[in-house]
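Thanks for coming. I will take a few minutes to walk through one structure, part by part. Please keep the view on the screen open while I talk.

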Amino acid sequence: MSGPRGVHTARPADGGGIDALAPRLRASWQRSRRYGVAADRVQPVFTGSVDTESLLFECGREVLQGLRATLANEPVSMMITGGDGLVLCRMSDDLAVDRALDRVHLAPGFYFAEQNVGTNGLGLALADRAPSLVRADEHYCCDLRGFTCAAVPVLDPATGDVAGSVNLTTWSDASSALLLALAQAAAGNTAALMQARGRGGGRMARSAPRGEVFRVQTASAAEQEAVEPLSPRWTHAVDRAEAAMVAGDVVAVVGEPGAGKTALACLARRAARPRERLLGVRPPSDTDVEPWLSLWAPELAKDDTCVVLEAVDSLPAPAAGRLAEVLTAARRPAVAAPLPSPQPFVFTAEAYDLIPEALRHLVGAVVEVPALRVRPDDILPLAHLFARRHRGRAIAFTAAAGRALTAHQWPENARQLRRVVREAASRTDTIDVQHLPAEVFTDPGRRLSRLERLERDEIVRCLTDPTVTVAQAAERLGMSRATVYRKIAHYGIQVPGRSARGAPREGP
């Protein structure tokens with residue numbers, strides 16, 4: 001078969017070189033055969049409509065428009081697809097690439113899942129829920145062997161499910177060294193933009209709601225699932241909060257974003273009142289104060305309920321004043337016979353000074369949650385917990401991955417660790433360094449441009465492959481070894497198992 005630029009691929013799809021394929025590709029070819037996909041031509045499956053109102057389409061298209069300027073004059077076509085492989089949008093500045101893709105129906109409105117066209121980049125990314133690069137004759141269908149495709153799934157920020165994918169396609173004889181890194185960056189930026197816009201996959205996001213009232217998963221039960229107990233810094237903070245609650249104080253749990261303020265408040269409260277029901281309440285919008293209060297304020301009168309008022313430092317001014325009135329009326333006497341009764345509410349905030357003045361006078365005790373960077377012994381137990389929660393079973397970590405996680409400073413605390421672990425656990429049952437994002441291996445305080453991040457991520461991707469030497473990494477990157485060493489120093493890259501000069505260490 002002759003590809004769009006005369007690329008001839010002789011390997012037949014009915015056997016021949018299938019055993020030479022990498023395991024993931026071989027498995028995809030086998031699935032393609034079971035689906036009964038035609039190997040000699042693309043048989044188009046077309047839908048009459050594309051959802052251009054979804055948040056995935058909106059954010060993905062915006063991200064690709066930004067990437068388009070970076071790839072000006074490059075023969076690369078950029079696409080957003082749905083979770084079922086439906087192509088939602090496509091953009092390119094290369095007319096020849098567009099015409100060739102039209103001939104194989106890789107265009108908006110057509111399905112390109114494995115079930116439709118066999119092994120291809122976006123189909124494999126969706127099937128395996130992992131970044132995928134499919135080159136030339138690695139495609140199952142002959143019609144696609146003139147192309148190389150890099151695709152990365154986009155995860156719904158609210159649910160963690162696959163919302164769709166970002167797919168970059170170029171000629172099979174063009175350089176693909178940075179294609180997958182570009183797709184990974186675009187997919188990550190799309191998911192981040194979806195989260196920032198406040199909805200996931202076209203639905204209201206539950207990751208950062210305004211004024212939501214929900215039942216809190218008690219953190220004590222979660223902690224019991226951990227492989228190891230948490231550090232003294234954490235347990236001492238829990239003990240202090242518990243003692244203040246038992247003494248009848250209104251407790252404010254403070255700390256950096258993502259440090260686990262709600263988790264600590266729940267642990268302490270569960271220790272003080274094991275049978276109590278815990279409700280979490282998040283700040284409302286400026287216009288929803290009264291409806292917000294009506295949802296949960298009656299719970300304050302119940303003896304078996306505690307309300308965790310989260311992020312009170314971000315309350316709109318009208319809400320703070322009304323909330324103070326409601327809480328003052330619900331506050332229990334500080335001294336009661338025979339023992340004080342714990343207050344029916346707890347605050348969380350970044351700092352005591354940031355709590356609105358109307359509420360600050362209610363606080364009787366302040367407990368600070370230590371940041372994750374000063375609790376390195378907690379990182380691996382939490383990583384195991386987050387992975388098990390995400391996958392529903394235990395996930396292993398290699399020693400190198402454990403060292404990388406423990407060495408990182410985690411500027412976003414446990415929230416960042418949970419995101420990193422969930423993404424890695426989605427791709428494998430044993431997490432190694434190559435499954436971790438570049439942010440884990442670099443200086444978190446260094447601000448990078450978009451192109452610098454792409455370069456850093458690609459260097460880390462090569463260096464975290466244990467079979468690749470620095471010389472081989474340099475060759476893949478199109479750099480000299482000296483340049484690679486300079487880049488390692490520039491980005492502050494630290495990869496476990498490699499020496500300060502970036503070479504693999506000798507010995508076991």
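Helices and strands here are DSSP runs, helices being H or I of at least four residues and strands being E of at least two, numbered from the N terminus. On that basis the protein has 18 helices and 15 strands.

Two notes on where this comes from. This is a predicted model, in which local features need pLDDT of at least 70 and side-chain atom pairs count only at pLDDT 80 or more, while totals for chains, interfaces and linings use all residues. Residues are numbered from 1 along each chain as its sequence is written, and side-chain values use heavy atoms, with hydrogens and water left out.

Now the overall figures. I call a residue buried under 20% relative accessible area, exposed over 50%, and partly exposed in between, with a 1.4 Å probe and protein chains only. Of the 508 residues, 52% count as buried. Contact means heavy atoms within 4.5 Å. Among contacts between residues at least 6 apart in sequence, 69% join residues at least 24 apart.

Next, a sheet. Strands of a sheet pair through backbone hydrogen bonds, either parallel or antiparallel. Two strands are taken as paired if DSSP finds at least two bridges between them. Five strands form an open sheet in the order S2-S1-S5-S4-S3, with antiparallel pairing. Its edges are strand S2, residues 87–91, and strand S3, residues 132–135, each of which pairs on one side only. On average, neighbouring strands of this sheet are turned by 20 degrees against each other, direction ignored. For such angles, axes are lines fitted to C-alpha atoms, for helices over the stretch in contact, and the angles run from 0 to 180 degrees between N-to-C directions.

At the S3 edge, four bridges join S3 to strand S4, residues 147–155, in the antiparallel sense. One pair to look for there is Arg135 with its bridge partner Thr148 in S4.

What lies across S1, S3, S4 and S5? That is helix H6, residues 179–196, running at about 25 degrees to S4. Ala183 is in helix H6, and Ala183 counts as buried because its relative accessibility is 0%. Leaving aside neighbours within four places in sequence, Ala183 is in contact with Ala150, Val152, Val166 and Leu168. The C-alpha atoms of Ala183 and Met79 are separated by 9.8 Å, although these residues are 104 apart along the chain.

Let me move along the chain to a group of parallel strands. Strand S12, residues 345–349, has five of its five residues buried, so S12 is largely enclosed by the rest of the structure. Both faces are covered, with Phe345, Phe347 and Ala349 on one side and Val346 and Thr348 on the other. S12 runs parallel to strand S9, residues 251–254, and three bridges join them. Within that pairing, Val254 has Ala349 as its bridge partner, and Val253 stands opposite Thr348. Three bridges also join S12 to strand S11, residues 305–309, again in parallel. There, Val308 is partnered by Val346.

S9 is likewise covered on both faces: Val251 and Val253 on one side and Ala252 and Val254 on the other are all buried. S9 also pairs with strand S13, residues 365–368, in the parallel sense over four bridges. In S13, Val367 is the bridge partner of Val253.

Further on is helix H18, residues 481–491, whose buried residues are Thr483, Val484, Tyr485, Ile488 and Tyr491. Those buried residues pack against helix H16, residues 450–463, and helix H17, residues 470–477. Just after H18, Gly492 takes a positive phi of about 65 degrees.

Last, the empty space. On a 1 Å grid over the protein atoms alone, a cavity is a set of points where a 1.4 Å probe fits but cannot get out, and lining residues have an atom within 4 Å of a point. Points are joined across faces, edges and corners, and a volume is the space filled by probe spheres set on them. How many cavities of 30 Å³ or more does the structure hold? There are two. The largest has a volume of about 50 Å³, and its lining includes Leu106, Phe112, His139 and Asn167. The second largest has a volume of about 30 Å³, with Arg282, Trp292 and Glu310 among the residues that line it.

That is the tour; thank you.

Conventions:
1 Å grid on protein atoms, 1.4 Å probe; cavity = no way out; pocket = protein on both sides within 12 Å on 5 of 7 lines; lining within 4 Å.
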